[in-house]
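Colleague: I am new to this structure. Please take a close look at the largest pocket and what lies around it.

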Amino acid sequence: MRATALFLGISIAWAASAAGQSVQYRSPAGVEYRAQRDTGAIARAESALAVNPKNVDLIIQLGVAQSGVRQYREAIKTFTRGIAIAPQNALLYRWRGHRYLSTRQFDRAMDDLTRGSRLDSTIYGIWYHLGIVRYARGDFAGAAAAFTRALPGAPDAAERAGATDWLWMSLSRAGRTGDARALLDSRPDSVPAGNAYQQRLRLYRGEIGPDSVITAADSSDVAVATLSYGVGNWYLVRGDTTRARTWFERSIRSGGWPAFAFIVSELELRRLR
């Protein structure tokens, strides 16, 4: 019976791994978060790369495809492969740093993104994700500096709203409330973005109340995590730690573990103990 149970356990574990559902992150509470199945994008990227295995653009495409189904640890290996071929390519550090962040490897993320910024200081994604890492580590002044660098280079309205949001939060947490208010008043996010960050910015500006931030349309795990953290932080900067904790816990309950908001909610709850 024990041998049969062991065999079945191994078979189930192998089947999950074969389906691309590898464990990506294990929370301090012991919760395992897994990758999703490949729907074809990874297979296509692998086939293209097989024809030209040293093509850095194709390597990045494979890593991005893996990231698209939350195979972040596999993506890290892919970007590492690219770095071995092109160690001066800043985009590879941008992408690997991003995925180190997704898997809560903050020191490695910081190293990669810092190196990437030295290789090419014009890449929006490097500064944006460097801001996230600094924020996660409680360096709010450093995060504000990174998001300030990122904001002018935002490639579209959605990214502009995101950079504005994180910059407002960084300034607020750094005690620079006047600068945070001036940022909102300048409306760098004036073009509609249609994402969770735009909704959070409406809260900061007083256009909606905290109980109106999450709507019936916000059903995805990442959206709920993102919106919940925004409300929690809004309460936190007002000194209401009780309501802040409630919203950070809601962010975690969403299950949207890849969201930066989920990552930071975990950290905030530890700080509030």
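Modeller: On a 1 Å grid over the protein atoms alone, a pocket is an open set of points where a 1.4 Å probe fits, with protein on both sides within 12 Å along at least five of seven lines; lining residues have an atom within 4 Å of a point. The model is predicted: local features need pLDDT of at least 70 and side-chain atom pairs pLDDT 80 or more, while totals for chains, interfaces and linings use all residues. Residues are numbered from 1 along each chain as its sequence is written, and side-chain values use heavy atoms, without hydrogens or water.

Start with the pocket itself. Its volume, the space filled by probe spheres set on grid points joined across faces, edges and corners, is about 390 Å³ for the largest pocket. The lining of the largest pocket has 19 residues. Nearest its centre lie Tyr128, Glu159, Tyr197, Val222 and Phe260. Four elements each give two or more residues to this lining: α5 (90-102), α7 (124-136), α9 (157-173) and α12 (221-237). These are helices, DSSP runs of H or I with at least four residues, numbered from the N terminus. Which helix gives the most to the lining? That is α7, with four residues. By class, the lining holds ten nonpolar, seven polar and two charged residues. Here Ala, Val, Leu, Ile, Met, Phe, Trp, Tyr, Cys and Pro count as nonpolar, Asp, Glu, Lys and Arg as charged, and the others, Gly among them, as polar.

Now follow Tyr197, one of the residues nearest the pocket centre. Tyr197 is among the buried residues of helix α11; buried means under 20% relative accessible area, exposed over 50%, partly exposed in between (1.4 Å probe, protein chains only). Helix α11 spans residues 196-204 and is mostly covered, with seven of its nine residues buried. Besides Tyr197, the buried residues are Ala196, Gln199, Arg200, Leu201, Leu203 and Tyr204. What covers them? The cover includes α7, α9, α10 (177-186), α12 and α14. Just after α11 comes Gly206, with a positive phi of about 80°.

Tyr197 also leads to Thr226, since the two are in contact (heavy atoms within 4.5 Å). Thr226 sits in helix α12. Is Thr226 buried or exposed? With a relative accessible area of 8%, Thr226 is buried. Its contacts, leaving aside neighbours within four places in sequence, are Ala196, Tyr197, Arg200, Ala259 and Ala261.

Helix α10, part of the cover of α11, holds Arg181. Arg181 counts as partly exposed, at 39% relative accessibility. Leu171 is ten residues from Arg181 along the chain, and their C-alpha atoms are separated by 9.2 Å.

Helix α14, also part of that cover, brings us to another pocket. The second largest pocket has a volume of about 220 Å³. Its lining consists of Ser27, Pro28, Ala29, Val31, Tyr33, Ile252, Phe262, Glu266, Leu269, Arg270 and Arg273. Helix α14 (residues 260-271) supplies the largest share, four residues. By class, seven lining residues of the second largest pocket are nonpolar, one is polar and three are charged.

One last residue is Ala141, in helix α8 (residues 140-150). At 49% relative accessibility, Ala141 is partly exposed. Thr114 and Ala141 are 27 residues apart in sequence and 16 Å apart in space, C-alpha to C-alpha.
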